[in-house]
Amino acid sequence: MMRASFVRLSLAAALVGATAMSSAGAGCRRAGGEATMITKDLAVFMATAALMNSIADHGERPKGAVKVSCKDDTFTTTCHARREACR
């Protein structure tokens, strides 16, 4: 079960760029990260780490606060972290 969570996390990290949406600011976008883990605390931590990796990979600077939303499943929790990032 842990292995499946890490596989999903890896896939989510690879798809982080696909979840980004454009924002109104010039050169800014809405970056995102996702993680599915056994505990909520770990899911929040890993989603935030995926978000920061996405921002760094695009050579951008974070702007504003991180917004995290989580959904509890039967045995896992999935969290999405989002933040504006600008060049």
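Cys-79 is buried, with a relative accessible area of 0%. In this predicted model, Cys-79 pairs with Cys-70 in a disulfide, the two sulfur atoms sitting 2.1 Å apart. The partner is placed rather differently with respect to solvent: Cys-70 has 32% relative accessibility, so it counts as partly exposed, since that value falls between the 20% and 50% limits. The torsion about the S-S bond is 110°, and the link of Cys-70 and Cys-79 is right-handed.

That's one of two disulfides that a search of the whole structure turns up. The other joins Cys-28 to Cys-86, with 2.0 Å between the sulfur atoms. Here the torsion about the S-S bond is about 100°, so this disulfide is right-handed. Cys-28 lies in strand E2 (residues 28-37) and Cys-86 in strand E4 (residues 77-86), so the bond ties together parts that are 58 residues apart in sequence. Cys-28 and Cys-86 are both buried. Count the bonded cysteines along the chain and you get the pattern 1-4, 2-3.

Now for the layout around those links. The chain has two helices and four strands, and if you walk from the N terminus the elements come in the order α-β-β-α-β-β. Of the 87 residues, 32% count as buried. Take the contacts in the chain with a separation of 6 or more, and 58% of them are between residues 24 or more positions apart. As for the outside, the accessible surface comes to about 5,300 Å², and 59% of that belongs to carbon and sulfur atoms.

What makes up the largest nonpolar core? It has ten residues: Ala-31, Ala-35, Met-37, Ala-43, Ala-47, Leu-51, Ile-55, Ala-81, Ala-85 and our starting point, Cys-79. Three elements, namely E2, helix H2 (40-57) and E4, each supply at least two of these residues. H2 gives the most, with four.

Ala-81 is a handy place to look at the core up close. Setting aside neighbours within four places in sequence, Ala-81 is in contact with Ala-31, Gly-32, Gly-33, Ala-47, Thr-48, Leu-51, Val-66, Lys-67 and Val-68. Among these contacts, Ala-31, Ala-47 and Leu-51 are themselves members of the ten-residue core.

The buried residues aren't limited to nonpolar ones. Thr-36 is found in strand E2, and Thr-36 is buried, with a relative accessible area of 6%. Its side chain is joined to that of Thr-78 by a polar contact of 3.0 Å.

Strand E2 also holds Arg-29, and this is where charge comes in. Which residue meets the side chain of Arg-29 in a salt bridge? The partner is Glu-60, at 2.8 Å from N to O. Arg-29 lies in E2 while Glu-60 lies in the loop between H2 and strand E3 (61-72), so the pair ties together parts that are 31 residues apart in sequence. Are the two ends buried or exposed? Arg-29 has 12% relative accessibility, so it counts as buried; Glu-60, at 11%, counts as buried as well. The side chain of Arg-29 has another partner too, making a polar contact of 3.0 Å with the side chain of His-58.

The structure holds two salt bridges, and the remaining one takes us to Lys-71 and Asp-73, whose closest N and O atoms are 3.5 Å apart. Solvent has access to both of these residues: Asp-73 counts as partly exposed at 33% relative accessibility, and Lys-71 counts as exposed at 55%.

Putting the pieces side by side, strand E2 keeps coming up. E2 holds Cys-28, one end of the disulfide to E4, and Arg-29, one end of the salt bridge to the loop after H2. Thr-36, with its buried side chain contact to Thr-78, sits in E2 as well. E2 is also one of the elements that supply at least two residues to the nonpolar core.

Key
Residues are numbered from 1 along each chain as its sequence is written. This is a predicted model: local features need pLDDT of at least 70, side-chain atom pairs count only at pLDDT 80 or more; totals for chains, interfaces and linings use all residues. Side-chain values use heavy atoms; hydrogens and water are left out. A disulfide is a pair of cysteine sulfur atoms within 2.5 Å. Buried means under 20% relative accessible area, exposed over 50%, partly exposed in between (1.4 Å probe, protein chains only). Contact means heavy atoms within 4.5 Å. Accessible areas come from the Shrake-Rupley method with a 1.4 Å probe; for residues, only the protein chains shown count as cover. A nonpolar core is a set of buried Ala, Val, Leu, Ile, Met, Phe, Trp, Tyr and Cys residues joined through side-chain atoms within 4.5 Å. A polar contact is a pair of N or O atoms within 3.5 Å; within protein, one must be able to donate a hydrogen and the other to accept it, and residues adjacent in sequence count only if both atoms are side-chain atoms. A salt bridge is a side-chain nitrogen of Lys or Arg within 4 Å of a carboxyl oxygen of Asp or Glu.
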